[in-house]
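Q: I have a structure open in front of me and would like to learn how to read it feature by feature. Could you take me through it slowly?

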Amino acid sequence: MHHANPRARRRFDLDRRHLLTATRAGCGCCAPPMLGGGSGKNPLQTAAKQDGENLRLTDFKPRSMLHVPVTRVEKPAFPVIDVHTHLSWMSETRNGVSLGEAMTYFADPAELVALMDRKGIRAMVNLTGGTGKGLAESIARFDAVAPGRFRTMTEPSFALFAEPDYPRLQAEAIEQAHSIGAAGLKLLKTLGLYLREGIDQGELVSVDDARFDPMWETCAARKMPVFIHTSDPEAFFLPGDSANERYEELAKHPDWSFYGPEYPSHRDLLAARDRVIARHPNTTFVLMHVGNQAEDLAAIAACMDRHPNVHVDISARISELGRQPRMARRFFERYQDRILFGTDAVPPPYGNDVPQQLLGDELYEIYYRFLETEDEYFDYAPSAVPPQGRWSIYGVGLPQDILRKLYHDNAARLLGMP
Ligand SMILES: [Zn+2]
């Protein structure tokens with residue numbers, strides 16, 4: 001690096017602006033060595049602070065020293081439909097498989113509507129609305145209380161999976177759900193990672209198992225979009241060691257690791273998903289979390305090019321999109337008619353464990369800032385330590401016409417909300 005000595009420079013150049021520039025260019029790395037300096041000694045080598053390297057990772061909470069514009073976006077440019085929230089879920093779970101009709105509710109519609117009005121949210125889609133009586137209860141509790149503000153999805157009846165006529169029973173359950181107002185079908189990552197031949201024991205059931213074909217076809221016939229979560233982030237399929245960029249997240253949630261021979265690979269899970277999509281071209285599939293390929297936008301783009309019946313949502317993945325803002329912006333531009341706004345919001349106290357999904361004003365403001373501004377290097381979650389990996393994100397500054405589709409129009413079209 002070349003550094004001008006300001007005093008020497010003055011002799012040649014008395015222009016004040018140049019002088020200031022030169023002075024400011026001085027930096028510590030070129031300071032004369034304070035220690036050492038003896039013959040043959042590396043002058044940059046200093047004795048490290050004792051215990052300086054023993055700070056625990058969990059105690060390391062650095063604050064960025066960047067002085068860059070901070071834009072607060074309290075309201076979105078257009079009304080929002082959040083297609084990915086969890087306001088309830090099925091109470092009984094066995095080995096990762098949700099069963100039965102009993103529901104747990106953890107959000108109060110009146111409080112939600114107040115938040116929605118503050119944050120410019122027209123409607124929330126509650127994906128985990130349950131089945132049978134539980135579904136009817138969820139719809140009564142949300143959709144019916146605040147008409148137009150909530151839409152509820154049904155879920156598979158995996159409790160019936162061991163029945164010999166499961167394919168027919170499942171298709172009938174979807175018909176029934178449609179008749180009482182379910183807006184679509186939601187699948188958690190259960191399929192591919194938890195559901196087994198004996199429901200919670202035995203061999204894992206493949207995502208493209210033919211026994212689900214009547215379910216996918218019923219959704220097509222009833223124009224119910226299928227919101228499907230397949231696989232998980234790539235890092236969850238790798239060893240949770242010091243090379244894993246999501247080390248802290250996996251340490252906090254060890255049950256999110258699918259590393260090992262007992263699980264299919266990330267690639268195999270997605271290949272099975274893509275075979276289902278190809279086999280049911282009349283069914284609309286919304287792939288949750290950018291299809292769990294937000295780390296590989298070229299791959300999800302190829303999937304969307306091959307299958308016109310595919311949409312994606314961005315929920316819980318602004319962390320990935322926002323660390324590759326140029327590539328992400330091109331992705332938003334190219335697929336602007338097939339990307340949906342979603343957050344994966346979970347109300348407190350459940351949401352406290354997953355800050356990137358913690359329902360509240362702050363979560364929405366972060367999403368709006370990411371989509372609408374060109375702010376640089378900011379937190380993707382309301383949390384002192386970035387929960388999905390230690391990095392920060394950059395806004396993609398989308399134009400108004402794309403924002404309108406992403407926030408609202410694409411979801412309104414899929415859900416039949418004029
Ligand atoms: Zn979710």
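A: Let us begin with one helix, keeping in mind that this is a predicted model. In helix α4, which spans residues 132–141, the buried residues are Gly 134, Leu 135, Ala 136, Ser 138, Ile 139 and Arg 141.

Q: Which elements do the buried residues of α4 pack against?

A: They pack against the strands β2 (88–94), β3 (97–105), β4 (121–126) and β5 (150–152), and also against the helices α3 (109–118) and α5 (166–179).

Q: How should I read the pairing of strands, and in which sense do β2 and β3 pair?

A: The general idea is that strands of a sheet pair through backbone hydrogen bonds, either parallel or antiparallel. Here β2 and β3 pair in the antiparallel sense over 6 bridges, and within this pairing Trp 89 has Thr 104 of β3 as its bridge partner. The two strands form a hairpin with 2 residues between them, and in the turn Asn 95 has a positive phi of about 50°.

Q: What is the strand order in the open sheet of 3 strands?

A: The order is β1-β4-β5, and the pairing in this sheet is parallel. The strands at the edges are β1 (80–85) and β5, each of which pairs on one side only, while the twist from one strand to the next averages 20°. Looking at one pair within the sheet, you will find that β1 and β4 run parallel and are joined by 4 bridges, with Met 124 in β4 as the bridge partner of Asp 82.

Q: How do I recognise a nonpolar core, and which residues of the largest one touch the most other members?

A: In soluble globular proteins, nonpolar side chains tend to be buried together. In this model the largest nonpolar core has 87 residues, among which Leu 185, Val 226, Phe 227, Val 286, Phe 341, Tyr 367 and Leu 371 touch the most other members. Helix α14 supplies the largest share of this core, namely 7 residues. Leaving aside residues up to four places away in sequence, Tyr 367 touches Ile 318 and Thr 343. There is also a second, separate core of 5 residues, including Leu 193, Ala 235, Phe 236 and Phe 258.

Q: Where is Gly 360 found, and why is it called partly exposed?

A: Gly 360 lies in the loop between β10 (339–340) and α14 (361–372). Gly 360 counts as partly exposed because it has 14 other C-beta atoms within 10 Å, whereas a buried residue would need 20 or more and an exposed one would have 12 or fewer.

Q: What can be said about the protein chain as a whole, and how many helices and strands are there?

A: The protein chain has 15 helices and 10 strands, and 40% of its 418 residues count as buried. Its C-alpha atoms fill a box of roughly 90 × 45 × 40 Å, taken along the principal axes. The domain assignment gives domain 1 (6–47) and domain 2 (80–415), and the centres of these two domains, taken over C-alpha atoms, are separated by 55 Å.

Q: Where is the pLDDT below 50?

A: For the protein chain the mean pLDDT is 92, with 91% of the residues reaching 70 or more. Over residues 1–26, however, the pLDDT is below 50, and this stretch has 14 contacts in the model beyond near neighbours in sequence. Where pLDDT is low, the predicted coordinates should not be read in detail.

Terms used:
Residues numbered from 1 in each chain as written. Predicted model: local features only at pLDDT ≥ 70, side-chain atom pairs only at ≥ 80, totals over all residues. Contact = placed C-beta atoms within 7 Å. Pairing = 2+ DSSP bridges. Axes fitted to C-alpha atoms, helices over the stretch in contact; angles between N-to-C directions. Core = buried A, V, L, I, M, F, W, Y, C linked by C-beta atoms within 7 Å. Domains from an automatic or database assignment. pLDDT = per-residue confidence, 0-100.
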